[in-house]
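Me: I'd love to go through this structure with you, one question at a time. Shall we begin?

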Amino acid sequence: MNKQKKAIIAIACTSGLSLIVWMICAVLYFSGPQRVVAASNPSRSEDSAAKVSHGSDATEAENAADSPQVSSDTSLKSQADSSGHSTETESVDHASALEHEGAGVPVDNKLDGRFPFTVFDKPVAAVTIDPTHHRILLSGIQANSLSMMGIDQIGLENPQIQSIDVDGTPEAVALKKWKDQMLYVVATTSPSRLVLIDSESMEVVRRVQLNSFVPERLWDHLDASSPVIVIGKNSEKFEFEFDSRRGFVRGVSNAVEFDIESMAVTRKSHGAVWDVTPSGRCLFTLENSPINIGPFPHQTETSPIEADSIGDRPLTNQIPTLVDDMVVFGQTLYRAQELSEPIGVMEFEVLSSMAGTTLLAGTIGQTFRVGTRHGTKTLFDIDLPEQWKVSSTRRSRYDSQTTFVMADSVSETFVLVSADRIAAFPLKEMGVKATADLALSAMIPTASVGELLSVPISGHSELKTLQLEKSPEGLTLQSNVLHWTPTIDQVGDHELEIRHTAGDESAVTRFAISVERSGLELPFEVTAMFDSPTGRHSLVVGRRINSERRWVPLAASVDLSTKKILASKQVVEGAKFLVGDRYVYRAYPGFEIFDRTTLEPINNQPGPQEFIVQPRTLTQWKKLESLLDDFGNNLQQIESELRQPSPEDGIGWKNPHWNWGSRQPSFGETGFGQIRNGVLYDRSTNKPRLLIWPAYTRNEIFGSSDNDGPGIGFWHPFPARVSHFKNNQLENATRQGAHVFAPELLKGAVEKGDVALISSTLDGEVASKLVVKRLKKHVGHNVPQRNYVYVSATADVVRVGYDGRLYFIDRKEFPPPTAPFHVIPTQTAFAAVSGQKITLKYTAEGAQRYALRIKENVKPIALRSDDGVFTFELEANISAMADSFVRSVASRRFPIEERRTALQKAIEASQIFFMQVVGREASGVALPIQVLVDAQREDLKTTGLVHDVLYEVPKELVVQALERDHEAFEELQRKASQKREQRGDR
């Protein structure tokens, strides 16, 4: 009852007016404006519902829509609710509202005489503005309905309140663009539903039941290309296990992605979502993580969450929100694109911004304020009456705000909603000018070398004149679009500054652009690479997660000259391969031949036998693959080729020092040539250079403690076989490649957020480092533990495999290092005979003195030389050497006949090896004697070389050693048997 009605009734009662006066009063009273429907009046609510949703078809349509399987074949417009929801117009009793404001408040429904307001019977639960139709969407003031009113209706005597029945308690409302439609999305409880309303026809076009959770908040999603909207829900704890890279994870989930096309939940959040931008970027936190802004944080095994973080800022009592392009912590503003530095601190809690302007609005205490982000100044403030119950806090951790501020840029009006009141604050009444926001926005992806980057520039206000202030070379701005094709020299981070000028005002926006190397995208995560001897082909092996969350091993055949994938197939777990020019050979488990271009097995296979397949020389590959052309007639020869290396590479000789044998020969390119069966070959002449060649260097006086200096580095010249001793700790350097023309170790590693290619010299010192890829910032428990980088190299190109990408690095950009101080790996004599002198000569650039030691001589040899030339006579302990050789051939526990056969084969193999290395037939059996030579510079830096000299032992002595060893073993067995009998053992 307003004041005018009460006054008329009071006058009639006190003056004793006639019945006619009483009748006039009654007519005036009951003909006055009606109040907004109150949800607390059940009969009034039911009557309202009956008016809005009429007809018996409504219930049937709703039941059909509530089915879990909702058809999405037709457009949303065609699925209008058959109930034909109507709208209801009601008015608000503003006089009654004014009565509650107290003394000093004008009676014209305006605050301070300038700002119109309206009072509802019930508090507003959620609100949003439709700027296209200048509507305010409200939930909570009418039971089971979405209420709507025009912005220009605020403060009128008879505001037109329209309502649409949503058949549930409306909890949240948001806008959703989808293709050519603007939809109102209403989340309801009792029951839990989503209701989609077409903004043009004002009709319900679809409903869906949400059985698994209770919706609490919706976010406006204005990206018309995406059918997804994010729903805040009742939070729940989750506990699930990621793959082996991430371990066991616990946390909380409070949001889901909902697809309005399929009407189904597509993903649930892994973490707490606080806010969502209209473009779909989320402000979220994960367990034990800072505030992040990025894509929807969902559980994933195949891709990490790449997001920007506000440093290590912990979550405080202030609730983070997104306002326009800013992240807001109460009064502190951060630009969403640059979270590391704050924009500034406002004098009030920022709740809204006016699109296209620098204006911000919010509250502090009982004061409503408007300010500008430029200088964070307050331009207008007004104290609100106590009855407005202004609060910028949330009801609970995930609930909507109880005080809302929104902006309509068309009418240049801020709208304040607090509890049961709504007020409009036009800029012209505040005396505030809507200064254009000249800040620019651009989603700039990481650029790739040699690939064109085109990025459109958008603005918060209408774009006027754009000009590049600072940019990398080659970047241009044409028709408000950035164009750039970066070069290899521009890999890294660059700054970009663009000035936006409109009239007399201008502003500069700064962007960051990152350039990375172009690479070959692979359909899996790299775990190994196998290259052909020519360096033109490679088999890249990896793995990926399938739909059942299991790792699937895959391989891709890559043409390295064209940088293209020829074929990709699933392979056997843990398979090892060798790659030729035409075929790929699986060496483990089992043996199988595949066509290199298709990765399909060839029709003819050698059979189910288990082969010991060796890495092979280029000559061997050509011979083997020519035999495969006529598979049937050449099967026996093919099997022979597969079983063992050809005689020209040496077979059968076993080195007791390093435990290499005919079944496991070592092959590969090194910095000084190719190693085959423990022999280093000269690349130009293909003749042996050194016999059994490991090397070591040390940087202090020989014999001093390893802890006093950088340590001893042993470098075995084989790809993927490198060890480094440091302070008595052995560190295996895995997944590296050795360049064929320089003494270096190539290794890939993840260091300080970068994928780096590292070149080390033979003494373990890092010679150069190249950043291959700068990793994006990942957040949460699903940060990938991909610390393995795979490297292979040829003379011209280094290939780096990381994650799902293969990078190619030209040798001109990453040249090999200079060889450190070392003894040149050349052996002047390979064989020694009893009673004859042998001369060995060594060269080390800059060496002042040399030392040679042989421990295995009858009398250990220790010699010194100034020129690196040593002449001496060996007196080897032949019996001990023969015994060692015999025991390495076959175990004592084998029958004597088997040991004799094995010894005969080993002797024949050693004779073939001797012929290859020395160039003549051996007079007996060639057994190795280890030689250690040291070279020292004037600065006392010492380097050394360990190699072997072949000592010819008469064959008869070796045979006798076998018989003697067998007799000794049998004697030991007899004595052991006698002792067991004496003890009574069985």
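Me: Which residues of H10 are buried?
Reply: Happy to help! Buried means under 20% relative accessible area, exposed over 50%, partly exposed in between (1.4 Å probe, protein chains only), and helices (H or I, at least four residues) and strands (E, at least two) are DSSP runs, numbered from the N terminus. The buried residues of H10 are Ile896, Arg899, Leu903, Ala906, Ile907, Ala909, Ser910, Phe913, Phe914, Gln916 and Val917.

Me: Before we go on, what kind of model is this?
Reply: Residues are numbered from 1 along each chain as its sequence is written, and side-chain values use heavy atoms, leaving out hydrogens and water. Local features need pLDDT of at least 70, side-chain atom pairs count only at pLDDT 80 or more, and totals for chains, interfaces and linings use all residues, as this is a predicted model.

Me: How far does H10 reach from its first C-alpha to its last?
Reply: H10 covers residues 896-918, which makes 23 residues. The expected span of a helix is 1.5 Å times one less than its number of residues, giving 33 Å here. The model comes close to that, at 32 Å.

Me: Which strand gives the most to the largest nonpolar core?
Reply: A nonpolar core is a set of buried Ala, Val, Leu, Ile, Met, Phe, Trp, Tyr and Cys residues joined through side-chain atoms within 4.5 Å. This one has 41 residues, of which Leu840, Tyr842, Leu852 and Phe872 touch the most other members. Elements supplying at least two residues each include H10, helix H9 (878-889) and strand E69 (925-936). With six residues, the one that gives the most is E69.

Me: Which side chains of E68 point to one face and are buried?
Reply: Side chains alternate along E68, and Val869, Thr871 and Glu873 point to the other face and are not buried. The buried ones are Phe870 and Phe872.

Me: Which residue in E68 stands opposite lysine 837?
Reply: E65 and E68 pair in the antiparallel sense over five bridges; two strands pair if DSSP finds at least two bridges between them. Opposite lysine 837 stands glutamate 873.

Me: Where is the cis peptide bond to proline 191, and what is its omega?
Reply: Proline 191 is found in the loop between strand E8 (181-189) and strand E9 (193-198). The bond joins serine 190 to proline 191, with omega about 5°.

Me: Is serine 190 buried or exposed?
Reply: Serine 190 has a positive phi of about 55° although it is not a glycine. Its relative accessible area is 63%, so serine 190 is exposed.
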